[in-house]
Amino acid sequence: MSSELFEDLAEQAFEADRVRMEMFNGKVWVHKVTDGAHAGILTWLMREFIAHRPDLDLTTSGLGLKVDTYRNGRARPDGVLAPVGQFDDAGEWADPEGVLAVVEVTSWDADTHARDRVEKPAVYAATGIGVYLLVDRDADAVVVHSRPVEGRYLDQSIHPYGEAVPVPGTGVVLDTEPLKRFAR
């Protein structure tokens, strides 16, 4: 499927049924809009980044990124960390140039393991995005993937809620104590 056709279908699906679509590694992923805890975690992350780095934005508006080696894939990260104003002139699907990190918060759907823990780290690493930050609600932990080389992240660290989490390349250390309210 061409990226243009996918973009048209994704727009129609969102307008008709409020579902989000992504396409990478030759697969199309469809998932519903998330729950309140998911939004609460993203709000906490925005506050953390603003407090430490007011020169950065954590965009959580559903901005799409062109991903995969040849930019034919399309992903909608839960959050995109980049310098303020980086996407002011971007369309719905932005080039990932300047992105410091992408953020995903796991959902409760059947595809979350394959999508968030397997496919997305590979796609984001292949795209050259420096950090993939995963808030894994099943594990009550924050997983930091960093140092992308040849389509995979060489470094991965797992931090249970409550631990300090350094975000490579940003100078930010997240205080994850507030995430304990979302623990299962």
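**Strand 9 and the nonpolar cores**

In the predicted model, Val135 of strand 9 is the bridge partner of Val105. This pair belongs to the contact between strand 8 and strand 9, which run parallel and are joined by five bridges. Between the two strands, the chain passes through helix 3 (residues 112–127), and the resulting β-α-β crossover is right-handed.

On leaving strand 9, the chain enters a hairpin with strand 10, in which four residues lie between the two strands. Asp140, located in the turn, has a positive phi of about 50°. The pairing of strand 9 with strand 10 is antiparallel and extends over six bridges; Val131, for instance, has Ser146 in strand 10 as its bridge partner.

Strand 9 is mostly covered, with six of its six residues buried. Val131, Leu133 and Val135 point one way from the strand, whereas Tyr132, Leu134 and Asp136 point the other way.

The largest nonpolar core comprises 23 residues, of which Leu45, Phe49, Leu133, Val135, Val142, Leu174 and Leu179 touch the most other members. Among the elements that give two or more residues to this core are strand 8 (101–105), strand 9 (131–136) and strand 10 (141–149), together with helix 2 (36–52). Helix 2 makes the greatest contribution, namely five residues. When residues up to four places away in sequence are not counted, Leu179 touches Ile41, Trp44, Val142 and Tyr161. A second core of 18 residues is separate from the one just described and includes Leu63, Val67, Val99 and Val123.

Conventions: Residues numbered from 1 in each chain as written. Predicted model: local features only at pLDDT ≥ 70, side-chain atom pairs only at ≥ 80, totals over all residues. Heavy atoms only, no water. Core = buried A, V, L, I, M, F, W, Y, C linked by side-chain atoms within 4.5 Å. Buried < 20%, exposed > 50% of the residue type's maximum accessible area, 1.4 Å probe, protein only. Contact = heavy atoms within 4.5 Å. Pairing = 2+ DSSP bridges. Right-handed = clockwise from strand over helix to strand, strands pointing away.
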